[in-house]
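Work through these exercises with the model open beside you. Try each task before reading its solution.

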Amino acid sequence: MSRAEAPKVLKRFTEGYNTAYRKLDPALVDRVETGALAEIGRADLVAQRAVTPGGNPGYPALALEDARFTIPKMAGWPKFFVADTRSNRDRNRWVLVFTRAGAKEPWKAAYLSLLGESKVPRFAVDGDGYAEAVPAVGKDTPDAKGSGSGLMADPGVMSPSYTDYLRTGQGRTFAAGGATTLLREERAKLARTPTFWSEYIDTPEKAPGFPPLALRTRDGGALVFFTAHHRERRTMVKGVRPEVTDPRTKALLRGELKQAVTYTRISESAVQVPRRAADGGQVVFLNRIESLTAARGE
């Protein structure tokens with residue numbers, strides 16, 4: 001990956017993104033996106049196309065400017081790099097992670113995180129200006145200590161550790177916040193209500209379709225991007241039929257609403273993982289985007 005190539009990759013993505021949203025064609029998403037970002041994009045366009053089947057030629061074009069590229073030195077495939085950009089959508093920096101599976105494959109955006117200017121980590125670079133990619137080195141055991149990465153937990157265990165935490169509430173890997181303690185509190189409120197009860201299944205994701213990607217930061221830690229899938233099944237009490245009123249959910253709904261509805265969502269997260277130290281430290285969520293990708297009535 002050369003520095004001269006990175007702006008071209010970003011330009012191709014932006015043009016492809018705008019074309020897909022003007023035509024509202026989910027198939028176009030796969031030309032420029034992959035992984036979690038592609039799942040979100042496809043579902044979004046399916047929902048919008050259901051409301052506007054003729055497309056949206058007046059879609060306001062996305063513009064990504066003031067790009068700062070962080071490119072790690074990597075031998076072999078796959079490869080990735082990060083584009084930290086200013087968008088015309090809001091005041092956040094749009095941090096995109098582009099991946100490439102092989103020499104004959106195109107670069108595609110796999111992750112998007114929305115970060116305030118002060119929240120974008122400072123990456124460690126060598127004398128030539130190249131960053132350090134931290135290998136997944138993942139273990140199957142949640143909350144496993146970093147093995148060889150120098151981190152309090154390896155990138156490869158982020159997804160299983162997170163989904164295990166959502167299920168049990170146990171462990172010290174993740175700091176309290178909206179994506180952790182508050183999310184569990186919100187779920188607890190819906191566990192049993194006068195009209196329905198909710199059950200949750202959280203599934204970790206990993207390579208090759210959803211690889212965790214990480215870059216070393218100047219403080220010795222790392223910025224890690226990872227994916228997880230989430231299912232929520234709401235079962236109504238006897239005599240009450242489930243209702244779906246949200247237009248997006250209606251567009252993605254399959255099956256017949258009789259007694260229950262299952263929502264499938266995907267999340268992509270950017271977390272700051274500290275270096276391994278005596279006090280352990282905790283993983284902090286910098287951004288988490290969760291989006292509905294499917295719904296099924298039963």
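Three exercises follow, on the sheet, the helices upon it and a second helix pair.

This is a predicted model: local features need pLDDT of at least 70, side-chain atom pairs count only at pLDDT 80 or more, and totals for chains, interfaces and linings use all residues. Residues are numbered from 1 along each chain as its sequence is written, and side-chain values use heavy atoms, with hydrogens and water left out.

**Exercise 1. Find the order of the strands in the open sheet, and name the strands at its edges.**

Solution.
- Step 1: Strands are DSSP runs of E with at least two residues, and helices are runs of H or I with at least four, numbered from the N terminus.
- Step 2: Follow the pairing, which requires at least two DSSP bridges between two strands. The four strands take the order β1-β2-β3-β4, with antiparallel pairing.
- Step 3: β1 (64–70) and β4 (108–115) each have a single partner strand, so one side of each lacks a neighbour in the sheet. These are the edges.
- Step 4: Ignoring direction, neighbouring strands are turned by 25° against each other on average.
- Step 5: Look at one pair. β3 (residues 93–100) is joined to antiparallel β4 by seven bridges. Leucine 96 stands opposite leucine 112 of β4.

**Exercise 2. Place helices α1 and α3 on the sheet, then describe how α1 and α3 pack together.**

Solution.
- Step 1: Angles run from 0 to 180 degrees between N-to-C directions; axes are lines fitted to C-alpha atoms, for helices over the stretch in contact.
- Step 2: α1 (residues 5–23) lies across β1, β2 (79–87), β3 and β4. It runs at about 135° to β1.
- Step 3: α3 (residues 35–51) touches β3 and β4, and its direction makes about 85° with that of β4.
- Step 4: The axes of α1 and α3 are 9 Å apart, at an angle of about 30°. So α1 is roughly parallel to α3 (under 35 degrees; over 145 is roughly antiparallel, 65 to 115 roughly perpendicular, the rest oblique).
- Step 5: Contact means heavy atoms within 4.5 Å. Ala20, Tyr21 and Lys23 of α1 meet Gly41, Asp44, Leu45, Gln48 and Arg49 of α3.

**Exercise 3. Describe the packing of α4 and α5.**

Solution.
- Step 1: The axes of α4 (residues 158–168) and α5 (residues 181–190) come within 9 Å and cross at roughly 40°.
- Step 2: α4 is therefore oblique to α5.
- Step 3: The contact involves Tyr162, Tyr165, Leu166, Arg167 and Thr168 of α4, with Thr181, Leu183, Arg184 and Arg187 of α5.
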